[in-house]
Amino acid sequence: NDYYDPALKRGRAALLARSGVYVVDGDIADAELLAKLFDVAPFTHVLHLAAQAGVRHALVDPMSYVRANVAGLVALLEAARAADPQPAIVWASSSSVYGLNSHVPFSEHDRTDRPASLYAATKKAGEEIAHVYNHIYGLSLTALRFFTVYGPWGRPDMAYFFFTRDILAGRPITVYESSGGGTHQTTISRDFTYIDDIVKGCIGALDTAGRSTGSGGKKRGPAPFRTYNLGNTSPVPVTQLVDLLEKMLKVKAVRRVVKMPRNGDVPYTHANISLAQRELGYRPSTDLQTGLKKFVRWYLEYYNPELAVKQKQHGSSNGKGSRGRNGSTSSAR
Ligand SMILES: NC(=O)c1ccc[n+]([C@@H]2O[C@H](COP(=O)([O-])OP(=O)(O)OC[C@H]3O[C@@H](n4cnc5c(N)ncnc54)[C@H](O)[C@@H]3O)[C@@H](O)[C@H]2O)c1
Ligand SMILES: O=C(O)[C@H]1O[C@H](OP(=O)(O)OP(=O)(O)OC[C@H]2O[C@@H](n3ccc(=O)[nH]c3=O)[C@H](O)[C@@H]2O)[C@H](O)[C@@H](O)[C@@H]1O
């Protein structure tokens, strides 16, 4: 789907193809396509990441969230429960299900009945729908609540990404500040989690995802139904993210500080990851400074190769480098 620059998706698919990963272009809600896929490949495990993922975009195109995140998940669960053998499913929920929860750090036992965005509500709905498929069909299901994931090849509609693009282009960025009142945490912050740590968490979940039925439907006992936070347990104020980007890009940001609008954003996230540590062996090891450096290096090479070379040579830059690789900048915000 073209929510953002499909060239980025094709670039990722090309990378995956080099490691022998076969990419099928289709709609996750297409039951026929899924049935065909499960026919040709006896999947033992499914890592389900397809979704409409932008928090704020749900105000713009709400039905795309219901289609991708609810209908799409049900289509996948229907194909999985009818498959033989039934695959174990690990899928991406979201820290946004904690919504207006004020108990920090967020634990998997905290309330998740006050979502702040339609996106969060579709993710929470997904968690409850998954429970039904575990209860009725014995599907092994693991929900991973990722916390603001960033890194190379990331999403251009996320703040770390479009802040980088706008700072380099000398365009102003809008930095939200909390309207204060009520929550004790006033600085807007996120438990930013580097992509490589998230990948390790996903692999830990797949490796430990027991299945309740082998081929031929032999029952193996109650199917696992699990939920884990995958975060970095070190929330950072968004203002500090901008400070770091200014240093790495060697360009001063033009900041427009505004009160956080009621657009589905939450003031802060902070993950308690002790359950994932214990049961998945999850150990995040990349702090924001280290991870952002890798993102910025990738960004410059992908969009501004000339600037990347200059920065390497002189370690300096006016940041107004030439336009990106395809002359365009990502469109989604
Ligand atoms: N990036 C984060 O900070 C973050 C945090 C928490 C949860 N998540 C979740 O992680 C998963 C991956 O998100 P991401 O950040 O990599 O975003 P992404 O947009 O890069 O990945 C989602 C992919 O799903 C595909 N998709 C969307 N609708 C589809 C449909 N109807 N049929 C088939 N494919 C469809 C998109 O083309 C896209 O490639 C999502 O489920 C998202 O909700 C992401
Ligand atoms: O953790 C999660 O589950 C969610 O993390 C991110 O959502 P978010 O943390 O809101 O990420 P951004 O949209 O990149 O925002 C990061 C921070 O920057 C702030 N922001 C955003 C946009 C902007 O213009 N200015 C600004 O200050 C936001 O309020 C937020 O505090 C992803 O976009 C979601 O897909 C994911 O589900």
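## Valine 23 and a surface patch

In this predicted model, valine 23 lies in the loop that links helix H1 (6–18) to helix H2 (31–40); helices (H or I, at least four residues) and strands (E, at least two) are DSSP runs numbered from the N terminus. Valine 23 has a relative accessible area of 45% and is therefore partly exposed (buried is under 20%, exposed over 50%, partly exposed in between; 1.4 Å probe, protein chains only).

Together with Leu16 and Val21, Val23 makes a nonpolar surface patch of about 220 Å². Such patches comprise residues with over 30% relative accessible area and no salt bridge, nonpolar side chains being joined within 5 Å.

## Nonpolar cores

The largest nonpolar core (buried nonpolar residues joined through side-chain atoms within 4.5 Å) has 38 residues, of which Phe163, Leu241 and Leu292 touch the most other members. Helix H5 (159–168), strand S5 (172–177), helix H7 (238–249), helix H9 (288–303) and helix H10 (305–314) each supply at least two residues of this core, and H9 gives the most, with nine. Another core, of 23 residues, lies apart from it and includes Val97, Cys202, Ala276 and Leu280.

## Arginine 256

Arginine 256 belongs to strand S10 (residues 254–259) and, at 46% relative accessibility, counts as partly exposed. Beyond its neighbours within four places in sequence, arginine 256 contacts Pro172, Ile173, Thr174 and Val175 (contact: heavy atoms within 4.5 Å). Arginine 256 and proline 172 are 84 residues apart in sequence, with their C-alpha atoms 6.6 Å apart.

## Basis of the values

Local features need pLDDT of at least 70, side-chain atom pairs count only at pLDDT 80 or more, and totals for chains, interfaces and linings use all residues. Residues are numbered from 1 along each chain as its sequence is written, and side-chain values use heavy atoms, without hydrogens and water.

Key:
Chains are lettered from A and ligands numbered from 1 in the order in which they are written. Patches are made of residues with over 30% relative accessible area and no salt bridge: like charges are joined within 9 Å, nonpolar side chains (Val, Leu, Ile, Met, Phe, Trp, Tyr) within 5 Å. Accessible areas come from the Shrake-Rupley method with a 1.4 Å probe; for residues, only the protein chains shown count as cover. A salt bridge is a side-chain nitrogen of Lys or Arg within 4 Å of a carboxyl oxygen of Asp or Glu.
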